[in-house]
Amino acid sequence: MSTIDAENALDNHATARLDGDLQDATEDSLSSRTLTPLLEWARHQGEAAAQSGLPVQTAIEQVMQAASALEGPLAGLEGAVNLAATLAGAAADGYISARESASQGASNSAHLRSRLAELTALHRINSAANSSLKLADMLRETAQAVVAVTQTDVCTIFLYDPEWDQLVLAATSGPNQEAVGKIHLRLGEGITGWAAMVGKPLAVTDAWDDTRFKYIPALQEDRTVSMLAVPVVLFTKEKLVGVITAHTFDAREFTDNETKFLETVAGEMAITIENARLYEQTDSQLRQKVAELSTLQGVSAHIAATLNLSEVLTLIAYQAAHLVHADAAAIYELHPDAGILELVTQYDLQDPNHSIHQGKSGSHAVVTVDESDIAQAIVRGIPVPLPAGADEELGLPFAQDGYRSMFCVPLVAPRAIMGGICLYNREEKTFSEDQVRLLDAFAHEAAIALENSRLYDAALRGLKTKSAMLQEMNHRVRNNLQTVAGLLSMQLRRMKPEGEAAKAVRESIARIQSMAAVHDLMTSGDVESTSVYELARKVAEAEVATFNKPDFDLSINIEPDEAERIRIGSHEATLLALLLNELISNAILHGFEGLDKGKITVRAWLDPGNSSKESRSSLSHNQPPMIRIEVADDGVGLPPDFDPNKHGNLGLNIVRTLVESDLRGEFTIEPGKHGGTIANVAFRPARG
């Protein structure tokens with residue numbers, strides 16, 4: 001790399017302002033792709049500090065600051081991974097060399113080198129702690145730094161687990177990294193456990209000869225001879241955090257300075273470990289909170305999407321138990337008017353026969369509110385813990401099944417307390433404040449879902465009652481209409497067959513039978529709607545039976561393609577029956593004069609377009625599609641000068657009135673393209 005390239009690398013990176021010598025050394029390192037120029041600059045800084053009588057920390061801080069600014073531009077150079085420690089070591093060497101040349105004693109130089117190494121190691125440990133909040137990374141870096149400074153062979157770090165009251169291997173500089181997390185020591189067990197128990201450093205020259213020594217094969221301690229164990233204590237809380245232990249393969253008397261150094265490291269570690277644990281705990285709590293809220297949202301959506309009461313109850317019991325990792329759940333329904341509490345669902349996660357879609361019904365368990373501790377807790381309206389054997393004498397579930405704790409959460413809906421959820425655990429368990437709030441929020445959502453499902457069930461029961469009543473009404477109306485038609489038929493037999501009176505009575509009978517056909521359809525099927533096809537078929541059958549002559553070959557074809565899919569309400573069905581009756585009877589009576597056979601075709605379809613009136617008035621916005629019905633015959637057709645407004649009979653006048661006044665639609669009658677007559681009815685069905 002050229003000097004120009006090196007300058008560009010520096011200019012293009014956000015670095016601190018560099019002095020001239022450092023700028024030159026940096027450019028030379030970038031050009032040569034080695035750290036040698038920068039190491040020479042760092043040694044010079046150490047020498048200058050020594051010659052000026054400045055403390056060594058000044059030189060180290062200066063090169064550390066420079067290293068921080070140069071980490072980016074020098075990231076690709078070999079050896080630049082630990083740039084700060086490397087430059088600090090070079091500055092320390094320069095400082096010592098300058099002091100030695102100034103005739104400092106050899107012993108002082110050795111001591112100074114040792115102190116500088118310790119400072120470098122502490123900086124290395126602090127850098128590891130500050131650069132990463134991952135506890136494992138910091139501990140591993142600390143173990144390696146201790147080995148480098150103390151010239152020992154292995155360093156192990158154990159952390160104290162207060163929940164299990166034991167030490168757990170958290171880091172080692174040795175080759176067997178797989179042992180981390182798998183080795184456990186009790187307090188007082190081994191030299192490491194002994195130092196943790198007494199809370200003081202423990203140095204042993206011959207570990208194998210010490211009765212407190214415990215051989216741990218996984219740590220490959222066959223070669224261990226001397227050990228120095230220092231407890232890691234957070235003195236602000238007098239709290240044991242762990243133990244740091246240095247091992248040597250040769251016999252060694254550990255000096256006071258080495259012990260003090262490890263104590264200093266332990267002090268730094270205690271604060272760092274506590275901060276890392278707090279971070280991990282906070283991070284874990286945050287992840288748990290996000291998971292709980294996500295679960296709550298999913299549960300609420302799942303429950304709200306289900307309206308079947310039994311399914312809702314089972315879902316609530318299942319999800320409540322899973323939400324806080326309870327072993328069992330029971331749901332009770334409160335009947336305040338009757339003063340009773342009823343078990344409606346129970347869910348035992350230990351039962352392999354249970355699934356999310358089933359829960360044991362508990363409707364047989366009913367207790368009075370006054371005698372039940374669970375009922376009293378529910379009535380209070382706040383989540384509370386209860387003894388696991390609450391209401392044991394009343395025979396409620398789980399009270400005698402070995403559960404050791406219970407928590408009761410009321411189901412409070414906006415209008416009333418619906419009941420409660422009781423959560424059971426095999427072990428003693430105390431819910432945290434966050435868990436209680438989570439359960440309370442879940443119970444509120446569950447209570448609303450439960451109330452909605454009850455309203456849905458009530459609506460279904462009301463609909464069934466209404467349907468049964470409407471079917472009964474339709475049945476009675478149909479019978480009455482048939483009776484009237486029968487009476488008119490009796491009267492018809494007393495009249496002259498070809499007289500005007502007989503004709504009028506036959507038409508009246510046909511109209512009555514058409515209305516009866518509607519009620520017959522409503523009685524046998526859906527009381528709220530019927531298809532156009534079924535209605536037309538019923539009317540056509542009645543018309544053929546009433547008007548067709550024995551010597552006339554008449555066929556009526558009702559095209560089912562779309563007519564079967566078009567459904568209309570009961571009111572429109574009655575009107576349409578009368579319309580079809582008039583149009584078909586008119587075709588039979590007047591359309592085939594002088595012919596010996598004929599055909600009538602009925603066709604219906606949906607037309608999304610507007611009628612001519614709607615096109616003019618622009619009233620079709622977001623309206624349902626038009627229903628169009630065509631009744632066509634292949635008879636003699638209309639007279640040449642036929643005007644339905646002038647020449648229409650009573651039947652056509654009835655049709656026009658029903659279509660325009662009652663259905664608010666349109667009616668036309670015109671000659672067919674190939675003969676015969678075509679009558680068209682168009683109307684838009686009412687919404688709902």
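This dialogue reads one helix and the cavities of a predicted model.

Visitor: How many residues does helix 3 have, and what span should they give?

Guide: A helix's expected span is 1.5 Å times one less than its number of residues. Helix 3 covers residues 36–51, which is 16 residues, so 22 Å is expected. The C-alpha atoms at its ends lie 22 Å apart, in agreement.

Visitor: Which residues of helix 3 are buried?

Guide: Buried means under 20% relative accessible area. In helix 3 that applies to Leu38, Leu39, Trp41, Ala42, Gln45, Gly46, Ala49 and Ala50.

Visitor: What follows helix 3?

Guide: Gly53 comes after helix 3. Its phi is positive, near 75°.

Visitor: Now the interior. How many cavities of 30 Å³ or more are there?

Guide: A cavity is space where a 1.4 Å probe fits but cannot get out. This structure has two of 30 Å³ or more. The largest holds about 80 Å³. Its lining counts 13 residues, and Thr192, Lys214, Ile216, Glu221 and Met227 are the closest to its centre.

Visitor: Which helix gives the most to that lining?

Guide: Helix 8 does, with three residues. Helix 8 (190–198) and strand 1 (154–161) each supply at least two. By character, the lining of the largest cavity has seven nonpolar, four polar and two charged residues.

Visitor: What lines the second largest cavity?

Guide: Val154, Thr156, Leu219, Gln220, Glu221, Thr224, His247 and Phe249 line it. The space inside is about 50 Å³. Here the lining divides into three nonpolar, four polar and one charged. Glu221 appears in this lining and also among the residues closest to the centre of the largest cavity.

Key. Residues are numbered from 1 along each chain as its sequence is written. This is a predicted model: local features need pLDDT of at least 70, side-chain atom pairs count only at pLDDT 80 or more; totals for chains, interfaces and linings use all residues. Side-chain values use heavy atoms; hydrogens and water are left out. Helices (H or I, at least four residues) and strands (E, at least two) are DSSP runs, numbered from the N terminus. Buried means under 20% relative accessible area, exposed over 50%, partly exposed in between (1.4 Å probe, protein chains only). On a 1 Å grid over the protein atoms alone, a cavity is a set of points where a 1.4 Å probe fits but cannot get out, and a pocket is an open set with protein on both sides within 12 Å along at least five of seven lines; lining residues have an atom within 4 Å of a point. Grid points are joined across faces, edges and corners, and a volume is the space filled by probe spheres set on the points. Ala, Val, Leu, Ile, Met, Phe, Trp, Tyr, Cys and Pro count as nonpolar, Asp, Glu, Lys and Arg as charged, and the others, Gly among them, as polar.
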